[in-house]
Every structure is written in C-alpha cells, then in structure tokens.
Amino acid sequence: MKLFKIIKRLLRLLFSLAALAALALVYMRYIEPNWIEVSHLTVGADGLEGRYKIAAFGDVHIGMGKDEKELEKLVELINGEEPDGVFFLGDLFDDYSKYGGDAETCIKILSGIEADDKIAVRGNHDVGGGAQWIYPELISSCGFTLLENDRVVLKNGITVHGCAESLYFTPDIGAPGDGFDILLAHEPDVADGVTGVELQLSGHSHGGQIYIPFLLDRILPKGAEKYYKGLYEKPDGGLVYVNRGYGMSLAPLRLFSRPEITVVTVEGK
Ligand SMILES: [Fe+2]
C-alpha cells in the first residue's frame, strides 16, 4: 500500500514536470519569438542641426522560424516609426542555400521599408551558407547600400561607417571624422579596436537568444562575448548598442531575450 502511494506521487511529479516543460517549450517557440520589443534610445550629437531618427534591425535569419508573415510585421513596425534612416546589422537568411521558401517574396517585402537612407552591413550568415556571393545583390534588391570597410556621409553631416564581417574578414573603418560618426558592425566586440566613433550599432548575439545568466560563457557567440545586449559606454565615451535581433539561429526558440527593433534618435545639441 505504501509503495503504491510512493509510485503515485512519483508519477504525479513526473507528469507535472513534463507539463511544465511542454509549456516552456510553447512559450519559447510561439510566444517570445513573436513578442517584439521596439526599444528607444536618444543620443546627443554636438553640432548636429535638428534630429535624425534611426531604426536599426538585424539577425532576421529568414528560414529559421521567420518567414513572409513575420517579415511583413517587421516592415510594418519599422515604417510605423517613420525613421529617417534604416540600418540593417546583418544576417538576412539563416542559410540561403537551404532556404526552401519563397526568397523573392521575402526580398520584395523587405524592399517595402521606407526611409531616406537605407544602409546595411554583412553578418556571418551573409558569408556562410552560400550567401557570400549573392548577399550584395540580395540586400541591394531590398534598396540598401552595403558598406564593407566603407562609409557614407549623410545629408546632415553624420558619417555612417560599415565594417567588414569580422569573423571572416578584417574590419578596417579608417579614421573617423570630426563630426558624429556611427559605426555599423555585425559583431559588437569590434568596438574594442575602434576609437573616435560616437555610436556603434551591432547585433550577432541575439541577446543570448536563450538567456540563462550562469551559462552565458557557453551561449554567447565569438564576436559578442563582451558586448552582448543593450547599451554600453566605452572608456573613450563612445556608445555601443547591441540589438537582440529579430530572428533566431540554431533553433527557432527564444527565452528571456525578446526580438528587438532599436529606434535611436540622434539629437543635435
Ligand atoms: Fe545572427
């Protein structure tokens, strides 16, 4: 009789644990990946006239749980912010060579992003997975100017630098100017090799994607081990903002690391 009670309790415990695990999995697969945060940040810029509104997004990883419907949502959220500039931080397709969906429709949807300036850099997934040669064409079909160790000066005098993907190539942005310099770099840890940039925008880490603080050493990818989410200030006063990305890699799951679009207002002072 006693043994029967113990077995009954054990079975009840196992059932509760299995139900909890199933609930957690549903949350990680269907709730958090679609619970998008549009975060806002204001940065002062000496000598800038007026303001410049940026919407930064990255790590879309099309094909890994993000397809046409989610892309439409992304474009709607970005356009809803009415940004002056939209900056893409890299990782367009998760693995372009294996993507079984309608890539052309995805490109068409993303080309609906509206802004005066649309600028992009390359992420590691825009090199691997057969993307190395076709990424420049894909991203320019979406209306973006691709910067790889190059820069553009915007109408208001802000310089936007884009560095080459740092896990495969050597980033080199040259000397920043005297005005307000923004660096777009897929891997945030590039920050430690750069001085004189007022604001760096990066992605790559997905904020950990499945964010378990005591496992961070194992979770964070190379290139995002020091700077991995949110805002940092470097000793030279430069700011680094790491966006958590829109999509996912390795598995279509997120935990305590909601997808993010970052809206940065650069305000003249
Ligand atoms: Fe990524």
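## The β10-β11 hairpin

Let's start with one residue pair: G230 has V242 as its bridge partner in β11. Next along, L231 sits opposite Y241, also in β11. These pairs come from a predicted model, so read everything below as a description of that prediction.

The two strands pair in the antiparallel sense, with 4 bridges between β10 and β11, the latter covering residues 239-242. Together β10 and β11 make a hairpin, and 5 residues lie between the two strands. In the turn, G237 has a positive phi of about 90°.

## The sheet around the hairpin

The hairpin strands belong to an open sheet of 6 strands with mixed pairing. Reading across, the order is β6-β7-β8-β9-β11-β10. Which strands stand at the edges? They are β6 (150-153) and β10 (230-233); each has a single partner strand, so one side of each has no neighbour in the sheet. From one strand to the next, the twist averages 20°.

As a general reminder, strands in a sheet pair through backbone hydrogen bonds, in either a parallel or an antiparallel way.

## The other sheet

There is another open sheet of 6 strands, again with mixed pairing, and its order is β1-β12-β2-β3-β4-β5. Here the edges are β1 (37-45) and β5 (145-146), and because each has a single partner strand, one side of each is left without a neighbour in the sheet.

How do β1 and β12 run, parallel or antiparallel? They run parallel, and 9 bridges join β1 to β12, which spans residues 260-268. For a concrete pair to look up, take H40, which stands opposite V263 in β12.

## Helices α2 and α3

Helix α2 lies across four strands of this sheet: β1, β2 (51-57), β3 (85-88) and β12. Relative to β2, α2 runs at about 165°.

Now for α3, residues 103-110: which of its residues are buried? C106, I109 and L110 are. These three cover an arc of only 95° around the axis, which puts them on the same side of α3. The buried residues of α3 pack against α2 (68-80). So α2 has β1, β2, β3 and β12 among its neighbours, and the buried residues of α3 as well.

## Two domains

The protein splits into domain 1, residues 1-34, and domain 2, residues 37-268. How far apart are the centres of domain 1 and domain 2? Taken over C-alpha atoms, the centres are separated by 39 Å. As for contacts between them, 4 residues of domain 1 touch 8 residues of domain 2.

## The overall picture

In total the protein has 5 helices and 12 strands. Its C-alpha trace spans about 85 × 45 × 35 Å along the principal axes. For 269 residues, a compact globule would have a radius of gyration near 18 Å, and the protein comes in at 21 Å, which agrees.

Of those 269 residues, 42% count as buried. Finally, some contact statistics: among contacts with a separation of 6 or more, 73% are between residues 24 or more positions apart.

Notes. Residues are numbered from 1 along each chain as its sequence is written. This is a predicted model: local features need pLDDT of at least 70, side-chain atom pairs count only at pLDDT 80 or more; totals for chains, interfaces and linings use all residues. The radius of gyration is taken over C-alpha atoms; the globule rule is 2.2 Å times the number of residues to the power 0.38. A residue is buried if 20 or more other C-beta atoms lie within 10 Å of its own, exposed if 12 or fewer, and partly exposed in between; C-beta atoms are placed from the backbone. Two residues are in contact if their C-beta atoms, placed from the backbone, lie within 7 Å. The arc is that of the directions from the helix axis to the C-beta atoms. Two strands pair if DSSP finds at least two bridges between them. Axes are lines fitted to C-alpha atoms, for helices over the stretch in contact, and angles run from 0 to 180 degrees between N-to-C directions. Domain bounds come from an automatic or database domain assignment.
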